[in-house]
Every structure is written in structure tokens, then in C-alpha cells.
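Student: Take me through one part of this structure in detail. I want the unusual backbone spots, the ligand surroundings and what lies around them.

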Amino acid sequence: MKPVSDKLRAYFLLTAFMKVNKQHYRSVWIDGTTVHLIEQNLLPFKFQIYKAPKYTDTCKAIKTMITRGAGAIGGAAAFAMAQAAFEAKLHDYIEFIKTARKTIEATRPTAYDLFYSVEAVYAAALNSPEAALKKAQELADANAAAGKAIGEYGNEILDKNAKVLTHCNAGWLAFVDYGSALAPVYVANEKGKNIFVYADETRPRSQGARLTAWELHNQGIPHAIIADNAAASLMQNGKIDVLITGADRIAANGDVANKIGTLEKAIAAKYYGIPFYVTAPISTIDPNLPEGTKITIEDRNEDEVHYATGPNANNELQTIRLTNPGSHAINPAFDVTPAALVTGIITEKGIIEPNEKAISVLLKK
Ligand SMILES: CSC[C@@H](O)[C@@H](O)C(=O)COP(=O)(O)O
């Protein structure tokens with residue numbers, strides 16, 4: 001990937017607008033060699049920063065979903081690889097960074113941004129820890145800038161007063177900044193288009209009900225949370241104009257892995273003739289995977305289905321069981337939507353058709 005120019009970086013800083021309590025935050029950043037991450041497991045009830053002084057702490061943050069979402073995972077993984085390079089100075093340098101690379105790559109299997117970032121920062125780390133840190137920072141800046149560009153391109157598909165359905169959270173929390181699926185909504189509403197968003201709750205971890213809703217509320221975007229099983233009925237009743245989601249990995253033929261539940265929304269959208277756009281930076285496209293069926297789908301712990309955490313009447317966070325004690329649950333984290341159900345992929349370099357030819361042209365740009 002091309003390094004972000006000083007001009008682009010300055011532009012980004014001037015136009016940054018993802019704010020919490022009037023202060024601009026990224027979802028992940030590095031200060032010295034300590035990685036800072038917004039603790040997403042506590043949102044929307046508590047806003048807290050998790051500090052990761054060692055690369056293994058950053059790995060833990062990715063594994064336990066303190067940070068989550070393809071772009072944020074990519075940013076965190078890039079910084080983890082840079083942290084490892086500094087830690088490696090005290091050890092057999094090459095052995096240490098090799099092991100660290102494997103450890104970081106083992107944190108989560110589906111989001112391609114993680115592998116994309118680790119590969120690039122590892123290559124830089126072969127030169128020096130300083131080069132690794134520089135590369136990691138460039139990747140984080142590029143991810144934020146990509147979100148802004150996706151927002152500008154995505155704005156073009158949104159009519160005034162459009163009603164958008166989104167699934168999971170692909171807003172700025174899921175990236176370094178700006179986000180993918182919510183970025184077009186942010187840009188369109190800045191331009192006065194009055195977009196309304198339906199946020200699927202997105203069980204089992206409820207990223208839609210918790211994170212997307214929190215983001216939209218903070219940005220003053222009109223929205224409603226809907227139960228996961230409500231979307232098709234809303235489509236049938238003409239309440240949804242367009243679907244926009246993020247992506248965790250896009251295969252070379254345009255098949256899209258995204259949060260579990262995306263596939264059924266895409267099928268319903270096709271049935272009702274509603275356009276379905278996927279938003280993603282180029283770092284989410286895996287050119288080595290010919291089709292989506294080859295994408296590794298993460299199997300997560302069944303407790304995510306059984307339990308949920310939220311505030312009780314005293315505003316203390318409490319975890320409660322939701323399901324029949326004694327029953328098992330199955331918890332695949334992602335599904336694959338075939339390219340034939342996707343209207344277009346909105347990237348930082350424009351909107352493309354979801355097919356092999358368009359993707360290979362895009363990757364050469
Ligand atoms: C920007 S990532 C795409 C999203 O729609 C979604 O699948 C996601 O946020 C990833 O899931 P998560 O398991 O929360 O890391």
C-alpha cells in the first residue's frame with residue numbers, strides 16, 4: 001500500500017469528526033509503544049480506554065473483542081507487530097518477530113485486514129522496529145482515510161430521506177476512524193440528506209444494538225434498533241430503500257464474508273428488489289482466495305449465545321443467562337454472501353461490481 005502523504009494526513013486531521021464527549025478519538029492508536037484501544041465490550045454503557053503495553057496484551061484485546069471489526073482489528077494487529085519488533089530487541093530479533101507474527105495471526109481468523117497489516121508491518125520490521133512502527137502508523141492513517149473516501153463514494157448512492165438497513169457494526173469503532181457502512185450515512189447527513197438507519201441488533205454479541213446505535217446516537221443520526229428477525233418484514237412493507245454493510249473478507253470473485261445474519265438479509269433484499277451494497281477498504285479484499293466458500297469462518301464460544309451483559313437497576317454491569325440451562329448452542333461468527341446477491345462494493349477507490357474482473361482492476365489501481 002502507498003504511504004499516506006503528508007497532505008492527505010493533514011486533510012484527515014482537519015476533517016476528523018468522530019467524537020466522544022466533544023473529543024476526537026480513534027478506536028485504536030499507539031503512544032510510545034503502548035497501544036490504546038476503546039474498550040468496546042463495555043459500550044454503550046461505559047466509555048473506557050484499554051492500554052496494552054506489550055504485543056501480547058494487544059493480542060488479548062483482539063481475541064477478547066475489546067477491539068473488533070475488520071479495520072480496527074487490522075489497526076491493532078499492525079501496532080501489535082510494531083510493539084513486538086521493539087520487544088524483540090531484547091531477544092533473538094528474527095525468531096521473536098516470527099513467533100509474534102504467528103501469535104498475532106492466531107488471534108482471529110476471518111477478517112483479512114489483520115493478515116494484510118501483519119504482513120506489511122512484519123516486512124518493515126525486518127529492517128528495524130522504527131520502520132515497523134512507521135508502517136503501522138501509515139496503515140492506521142490509510143484505514144481512517146479509506147473510511148472517509150468510502151463515505152464520499154457511498155453518499156452518491158443515497159437519495160434524500162433514504163431508509164438504510166445495516167447489520168452488525170461497521171462504523172468508526174470497527175475501523176481506525178470513520179467506518180465503512182456508516183461512513184456514507186455520516187457524509188450524506190452532513191450534506192443534509194436526512195438519512196434514517198435501521199440497525200439490526202446482531203445477536204449474539206449485539207454489535208448493532210450496542211455499538212451502531214451508540215455511534216448513530218452520538219452523531220445525531222435518526223435511527224431505530226430492530227430485532228434480527230424483523231428485517232425481511234420491513235423490506236416487504238417498503239420501509240427499507242437500501243442495505244449497506246461492512247465486510248470482514250472479500251474473495252477474489254466478490255463473495256463477501258460478514259457478520260452472521262448478513263446472508264439472510266441479502267437473500268431477502270434480492271427477493272424484494274432492494275439494492276445491497278457492501279463497503280470495504282481494499283485491505284479487506286483477499287486476492288488469494290478464489291471464492292467465498294474458502295473463507296475460514298470463526299467459531300466462537302457458545303457462551304456468547306447463552307449470556308448477555310448490561311446494566312441492572314443500580315447501573316452495575318451484570319451478566320445474565322438468556323437460554324435454557326443444559327442446552328448447547330452453536331455460534332458461527334460470520335457467513336458468506338455470494339457475489340450474485342451484492343449490488344456493488346463501495347471502496348476508497350470507487351464503487352465496483354462484485355466480480356473477478358472488477359476486483360482485479362481495482363487492486364491494480
Ligand atoms: C467492519 S467489519 C464488518 C462488520 O460488519 C462485522 O462483521 C464486524 O464488525 C466484525 O465482527 P466482529 O466479530 O465484531 O469483529
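Tutor: Start at Asn194, in the loop between α7 and β7. Keep in mind that this is a predicted model. Asn194 has a positive phi, near 55°, and is not a glycine. Is Asn194 buried or exposed? Asn194 has 12 C-beta neighbours inside 10 Å, so it counts as exposed. The cut-off for exposed is 12 or fewer.

Now set Cys168 beside it. Cys168 lies in the loop between β6 (163–166) and α7 (183–190). Cys168 is not a glycine, yet its phi is positive, about 65°. The burial is another matter. Cys168 has 28 C-beta neighbours inside 10 Å, so it counts as buried. The cut-off for buried is 20 or more.

Cys168 leads to the ligand. The shell around the ligand has 17 residues, and those that come nearest are Arg68, Ala70, Cys168, Gly246 and Lys259. By class, the shell divides into 6 nonpolar, 8 polar and 3 charged residues. Among the elements, α3 and β11 each supply at least two shell residues.

Compare the record. The unreviewed UniProt entry places a "binding site" feature at Arg68, Gly69, Ala70, Arg108, Gln207, Asn258 and Lys259. Take two of these positions, Lys259 and Gln207.

Lys259 sits in strand β11 (residues 256–259). Lys259 counts as buried because it has 25 C-beta neighbours inside 10 Å. Beyond four places in sequence, Lys259 contacts His167, Cys168, Thr202, Gln207 and Phe334.

Gln207 sits in helix α8 (residues 207–219). Why is Gln207 classed as buried? Because 27 other C-beta atoms lie within 10 Å of Gln207. With residues up to four places away set aside, Gln207 touches Cys168, Asn169, Thr202, Thr212 and Lys259. Cys168 and Thr202 thus appear among the contacts of Gln207 and among those of Lys259.

Just before α8 comes a backbone detail. Pro204 is in the loop between β7 (196–200) and α8. The peptide bond from Arg203 to Pro204 is cis, with omega near 10°.

Thr245 also touches Cys168. Thr245 is in strand β9 (residues 242–245). Thr245 has 26 other C-beta atoms within 10 Å, so it is buried. Its other contacts include Thr166, His167, Asn258 and Val278, again leaving out residues up to four places away. Leu362 is 117 residues from Thr245 along the chain, and 20 Å separate their C-alpha atoms.

Step back to the domains. The assignment gives domain 1 (14–148) and domain 2 (157–364). Their centres, taken over C-alpha atoms, are 22 Å apart. In all, 31 residues of domain 1 are in contact with 36 residues of domain 2. On the domain 1 side, α3, α5 (112–125) and α6 (129–155) are the elements that give two or more residues. The largest share, 6 residues, comes from α6. That side divides into 17 nonpolar, 9 polar and 5 charged residues. The ligand shell also involves both domains, drawing at least three residues from each.

α3 takes us to a helix that packs against it. The buried residues of helix α2 (residues 55–63) are Tyr55, Thr58, Cys59, Ala61 and Ile62. These residues cover an arc of only 160° around the axis, so they lie on the same side of α2. In general, an α-helix has 3.6 residues a turn, so residues three or four places apart point the same way. What do the buried residues of α2 pack against? Their partners are β4 (34–38), β5 (49–52), α3 (70–88) and α4 (93–105).

Two backbone details finish this region. After α2 comes Met65, with a positive phi near 60°. Pro44 lies in the loop between β4 and β5. The peptide bond joining Leu43 and Pro44 is cis, and omega is about 10°.

To sum up, keep Cys168 in view. Cys168 is among the residues that come nearest the ligand. It is buried, has a positive phi, and is touched by Gln207, Lys259 and Thr245.

Definitions and conventions. Residues numbered from 1 in each chain as written. Predicted model: local features only at pLDDT ≥ 70, side-chain atom pairs only at ≥ 80, totals over all residues. Helix = DSSP H or I, 4+ residues; strand = E, 2+ residues; numbered from the N terminus. Arc of directions from axis to C-beta. Contact = placed C-beta atoms within 7 Å. UniProt positions renumbered as here; feature names shortened; annotations may be inferred. Near = placed C-beta within 6 Å. Nonpolar A, V, L, I, M, F, W, Y, C, P; charged D, E, K, R; others polar. Domains from an automatic or database assignment.
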